[in-house]
Amino acid sequence: MKLGLYIHIPFCRQKCLYCDFPSYDNLTHLYQDYIDALCREIAEQKSRFSGWVVDTVYIGGGTPTVLPGELLGRLFASLTATFSLEPAVEITVEANPGTVNLPLLKALRSWGVNRLSFGVQTFVPRLLPLLGRVHTAEQGIEAVELARAAGFDNINLDLMYGLPEQRQADVADSLSRATELGVPHLSVYGLKVEDGTPFAVSHAAGKLALPDETEEEAMYDFAAAFLRQAGYCRYEVSNYCLPGYECRHNLKYWHYQPFLGLGAAAYSFVDGVRWANTPHVTEYIQAQRKGALAIQEREVLDRQTQIAEFIFLALRTAAGLDSGIFQERFGISFWDAYRATIDTLAQRGLVERCGNRLRLTDLGMKFGNIVFSSFLPDKA
Ligand code: SF4
């Protein structure tokens, strides 16, 4: 059995103004204790997952590369001592420009890391401080150059559109920089103003100069057309890559395959059960010290929920939903069970049938939420 591993590092140098991820700044004093706790949690998985082969590892955050190399080295030693890693395992580490240097990147490479994901967001210098990002545009370019010098070719950049004071020309500028750098993978996300963030407060006070809906839609269309022209294949709603550079770990989520999450706030999904660790770093550390579980929520997913999740995750991918896999997994015909929903969505130009698959059209990619919500148990 194949397993994906997600390891959460909940630390950042500074909290970005739009971010509601479980990540914290000013916790340098907890780095050592956190890695001790994480290594303990990893070691505890040995018996339960002894028959599994790990084919993807994703170390995300937060900003894993704020940790000193020595602590990251301990983390990798713990992973390899506990899990059986496939020889061709994909190991991704998230990083932010300004938190990497050549020795650290070379060390990551020597520990088996073969994919890096940099949170660049934009290459336009005037926009970065508006987001509360700690790095400069030059550091974004430098991060890619350092990664290459350390031996990485599988590199992702996260980019955002719909930012305060961003114009379409800024989106064009960032996409040009990214493609000129030749990185093989780009994740392109629209900004969402999340509750509880400084952006939400500014937005409520009318102080956030966001592009309007039409401008944001134009940025979205521009990015999709630009990247297609540049030879990038869109393989998921927000993800583009050169041939062969799909992120195998993220494909696991969209293919509804099992993954184990370790660390504070990490989610897991194994055998139809989903659970999440506490997002509170000190609570997580204390639980591991006591040898107790750090699980905060646990849900056994009923069949209807699993079917709905399988459908909307599969439809996020450009390849779409494979009705053969659906039938094998759930024992019913996808086409028979959802005929009316599919017909309605197809008439609206949002989905199309292609052989044994149902997939989003270009319009459906843009308005994916309409499609996904149509398959929820009370709607379909
Ligand atoms: S670097 Fe990433 S995880 Fe950290 S605060 Fe910024 S957006 Fe959030």
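Strands, such as the one that holds Gln-121, are DSSP runs of at least two residues, numbered from the N terminus. The model used in these exercises is predicted.

**Exercise 1. Backbone outliers**

Find where Gln-121 sits and state what marks its phi.

Solution.
- Step 1: place the residue. Gln-121 belongs to strand E4, residues 115-121.
- Step 2: read the torsion. Phi of Gln-121 is near 70°, a positive value in a residue that is not glycine.
- Step 3: compare with the general case. Most residues other than glycine have a negative phi, and most peptide bonds are trans.
- Step 4: check a peptide bond too. The bond from Gly-61 to Gly-62 is cis, and its omega is near 20°.
- Step 5: locate it. Gly-62 lies in the loop between strand E2 (53-61) and helix H2 (69-82).

**Exercise 2. The ligand shell**

List the residues around the ligand, then divide them by class.

Solution.
- Step 1: collect the residues. The shell consists of Cys-12, Gln-14, Lys-15, Cys-16, Tyr-18, Cys-19, Phe-21, Ser-23, Gly-62, Thr-63, Asn-96 and Arg-133.
- Step 2: sort them. The shell has 5 nonpolar, 5 polar and 2 charged residues.
- Step 3: link back to Exercise 1. Gly-62 is one of the shell residues, and the cis bond from Gly-61 leads into Gly-62.

**Exercise 3. The domain interface**

Describe how domain 1 and domain 2 meet, from bounds to contacts to area.

Solution.
- Step 1: set the bounds. The domain assignment gives 2-253 for domain 1 and 320-374 for domain 2.
- Step 2: take the separation. Their C-alpha centres lie 30 Å apart.
- Step 3: count contacts. In domain 1, 6 residues touch 6 residues of domain 2.
- Step 4: take the area. About 510 Å² is buried between the two domains, with carbon and sulfur atoms giving 57%.
- Step 5: find the main contributors. Glu-217, Tyr-220 and Val-237 lose the most area on the domain 1 side, together 62% of what that side buries.
- Step 6: count the polar links. The two domains share 3 salt bridges, and 4 residue pairs are in polar contact across the interface.
- Step 7: assign the element. Helix H8 (residues 213-229) gives the most to the domain 1 side, with 4 residues.
- Step 8: sort that side by class. It has 2 nonpolar, no polar and 4 charged residues.

**Exercise 4. Salt bridges**

How many salt bridges does the rule count, and which parts of the chain does the pair Asp-33 and Arg-289 link?

Solution.
- Step 1: recall the principle. Side chains of opposite charge can pair when their charged atoms come close.
- Step 2: apply the cut-off. With nitrogen within 4 Å of a carboxyl oxygen, the count is 14.
- Step 3: test the pair. Asp-33 and Arg-289 meet at 3.2 Å, N to O.
- Step 4: place both ends. Asp-33 is in helix H1 (residues 31-44) and Arg-289 in helix H10 (residues 281-290), 256 residues apart.
- Step 5: try another pair. Asp-362 and Arg-228 form a salt bridge at 3.5 Å, N to O.

Note on methods. Residues numbered from 1 in each chain as written. Predicted model: local features only at pLDDT ≥ 70, side-chain atom pairs only at ≥ 80, totals over all residues. Heavy atoms only, no water. Domains from an automatic or database assignment. Contact = heavy atoms within 4.5 Å. Buried area = accessible area lost by both parts, 1.4 Å probe. Salt bridge = Lys/Arg side-chain N within 4 Å of Asp/Glu carboxyl O. Polar contact = N/O pair within 3.5 Å; in protein donor to acceptor, adjacent residues only side chain to side chain. Nonpolar A, V, L, I, M, F, W, Y, C, P; charged D, E, K, R; others polar. Near = heavy atom within 4 Å.
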